[in-house]
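Here are two short exercises to try with the model open in your viewer. Have a go at each before reading the solution.

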Amino acid sequence: MKRIIVVGGLGQFGRTIAEQLRRRQLPVQIASRSATADLQVDANDAASIRSALRPGDLVIDAAGPFDVRSTALVEAATDLGCDVIDINDDLRYAEAILRLERRIESAGIRVLSSASTVSAVAAAVVQHSGIATPHRVTVCLVPASHHSANAGAALSLIRSLGRLVRVLRDGRLQEQIGWRESRRFQMPAPLGTVNGRLFESADVVYLPRIWPTLRDAAMYVDTNIPGVNSLLRLAARWPAARHFLERHVDLSTRIARTFGRAAGGVGYEIEDAGGRVARYAVVSDKNSFVTAVAPAVLAARAIAEGRFPRRGLVLPDRQVEPPELFAFLQAAGITICQLS
């Protein structure tokens, strides 16, 4: 059987991936910079990666935040002959992976990038909607901050405040000011009405590649922490406030975990050129963070069991079948519903 190695396996999402795979009787080794891990790996250091990996390994990359990551892991995998699945949500990292597509194809390995809420779950929801030629896809992420808040994710969010982010508008990537623009989403209980703020995500390059008819794609984020949306809206306008938050990110993370809600979810709106709209929500009162790892877990199991024939750079719509993904989420206590 392939060695399954979870890089970043001591973090929240890495631990969850390892736990889910072990529940399915798949052996997992944890890789991290920490001496307590099974393998010591720095995901940005080529020498560290090459000393730990072997040809034929299946590597699951959960070593975020991806906005500060290099592609050293994928480049090493192409040379060594390893498969890679990552849970990236960052646009720049997604673009860097796309630039490696020919190298990945030539190596004959599999790379499943953004096998997470962004962009595999989004692609599954669009497929399930029945809208074959989507014109617009809008996503609102409401993280279960009590469980999932960490310094890396907090820094990624803070660095977007009042700065240029890219979204798909009128069929091309356009720059907008992060966090300035807002949209309300009506989510089912236990979330209710949320107010998302404009954020950047890998969806804006992956989804148009899957559906060339797509003209508009954007993600909005509601922090799901009482009062914090308003604080960040002010920080988006005052650089000094943003710098303060960056310097005190550990305190911000502790506050998020203390006061953030355990419930979380994701809302989706898919619209065709004729104005038909399908709305979906994926929500849970306690473990919505499992949504972020579900595509990676299912794809890893399929590869390990010899049930995944695709090779090369596997786009998010080909990483997991929607019925299998939805069944996994429902078994984990996560509700997937179509809204009126």
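**Exercise 1.** Which residues line the second largest pocket? Sort them by type, and find the element that supplies the largest share.

*Solution.* Keep in mind that this is a predicted model.

- Step 1: pick out the lining. You should get Asp67, Asp90, Arg92, Ser156, Arg159, Ser160, Arg163, Leu164, Val165, Phe199 and Glu200.
- Step 2: sort by type. Six of the lining residues are charged, three are nonpolar and two are polar.
- Step 3: map the lining onto the secondary structure. Helix H8 (151–160) and strand E8 (164–169) each give at least two residues. H8 has the largest share, with three.
- Step 4: check the volume. The space in this pocket comes to about 230 Å³.

**Exercise 2.** Take helix H14 (residues 322–331) and work out which of its residues are buried, how they sit around the axis, and what they pack against.

*Solution.*

- Step 1: list the buried positions, with under 20% relative accessible area as the cut-off. They are Pro322, Leu325, Phe326, Phe328 and Leu329.
- Step 2: look down the axis of H14. The buried residues fall within an arc of 155°, so they line one face of the helix. As a reminder, an α-helix has 3.6 residues a turn, so residues three or four places apart point the same way.
- Step 3: turn to the face pointing away from the buried side. Here you'll find the exposed residues Pro323 and Ala331.
- Step 4: find the packing partners of the buried residues. These are helices H1 (12–23), H6 (117–129) and H13 (294–304), plus strands E14 (277–284) and E16 (335–339).
- Step 5: look just past the end of H14. Gly333 has a positive phi of about 85° there.

Technical notes:
Residues are numbered from 1 along each chain as its sequence is written. This is a predicted model: local features need pLDDT of at least 70, side-chain atom pairs count only at pLDDT 80 or more; totals for chains, interfaces and linings use all residues. Side-chain values use heavy atoms; hydrogens and water are left out. On a 1 Å grid over the protein atoms alone, a cavity is a set of points where a 1.4 Å probe fits but cannot get out, and a pocket is an open set with protein on both sides within 12 Å along at least five of seven lines; lining residues have an atom within 4 Å of a point. Grid points are joined across faces, edges and corners, and a volume is the space filled by probe spheres set on the points. Helices (H or I, at least four residues) and strands (E, at least two) are DSSP runs, numbered from the N terminus. Ala, Val, Leu, Ile, Met, Phe, Trp, Tyr, Cys and Pro count as nonpolar, Asp, Glu, Lys and Arg as charged, and the others, Gly among them, as polar. Buried means under 20% relative accessible area, exposed over 50%, partly exposed in between (1.4 Å probe, protein chains only). The arc is that of the directions from the helix axis to the C-beta atoms. Contact means heavy atoms within 4.5 Å.
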